[in-house]
Amino acid sequence: GQEAIIHLAAIPHPLSDPPQRVMEANVMGTFNVLDAAARARVPKVVIASTDSTLGFVFATHEFLPEYLPVDEKHPLRPQDPYGLSKVIDEELCRAYTRRYGMSTICVRICFIWDTRTVMEHREWIEDVEVRRKGLWVYTDGRDAAQAFRLAAEVQGLDHEAFFVPANDGMTLLPTAELIKRYFTPVPVEWDAVEGDDWSLISNRKAKELLGYRPQHSWRQYYKEA
């Protein structure tokens, strides 16, 4: 009789657990949720995916984006067990949609911040190198909650994945300066961005199909820190 399941449980990075444990927990955990939902005839499953599916954050061999801002059409190239586990999770969702007709939505949250993070880790903002591999993207925890609620409520979607970063990047440098310093060879779709501090991963699809509107930025708290 349930309308939807939101599946958040996972090992959230590849740094503290053996690779096989990351894969087993994340892949089999999602498989078990989807299979139980199918047997119980739950019409929708929303899972926590990640921007780590792109492969940048935990890359052993670094590589550049094919274009900026990155969106859901960008190739997924993880080199680590966490990012790979989430790519597999998304494929599991796609397969269960095909077989059972259930709606599956994968919310690709980014590095989760809250007010405490800003207060305790100013260096993550002030030192541009700290979050470079993560493209300086983040999601405020309250906006992440908004994204999952919207994904659970939306009607008419079969299988979709959405990036849900904040509108801005978590660095003091304007985005154009980041591109000049780190991504000179990468083509930029300037018509797809607004302002000086836009996120290198786009949330446009989530805005258009889910009605996602991030409300919070580290900039609201940084001066108070």
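A salt bridge is a side-chain nitrogen of Lys or Arg within 4 Å of a carboxyl oxygen of Asp or Glu. The model is predicted, so local features need pLDDT of at least 70 and side-chain atom pairs count only at pLDDT 80 or more, while totals for chains, interfaces and linings use all residues. Residues are numbered from 1 along each chain as its sequence is written, and side-chain values use heavy atoms, with hydrogens and water left out.

**View 1. A salt bridge within helix α2 joins Asp89 and Lys86.** The side chains of Asp89 and Lys86 meet at 3.8 Å, N to O. Because they lie 3 residues apart in helix α2, about one helical turn separates them; helices here are DSSP runs of H or I with at least four residues, strands are E runs of at least two, and both are numbered from the N terminus. Asp89 and Lys86 are both buried, where buried means under 20% relative accessible area, exposed over 50% and partly exposed in between, for a 1.4 Å probe and protein chains only.

**View 2. Arg108 and Glu90 form a salt bridge.** The closest N and O atoms are 2.8 Å apart, and the pair links Arg108 in strand β3 with Glu90 in helix α2, 18 residues away along the chain. Arg108 counts as buried at 4% relative accessibility, and Glu90 is buried as well, at 3%.

**View 3. Asp168 and Arg219 meet in a salt bridge.** Their N to O distance is 2.7 Å, although Asp168, in the loop between β6 and α6, is 51 residues from Arg219 in helix α8. Asp168 is buried at 9% relative accessibility, whereas Arg219 is partly exposed at 31%.
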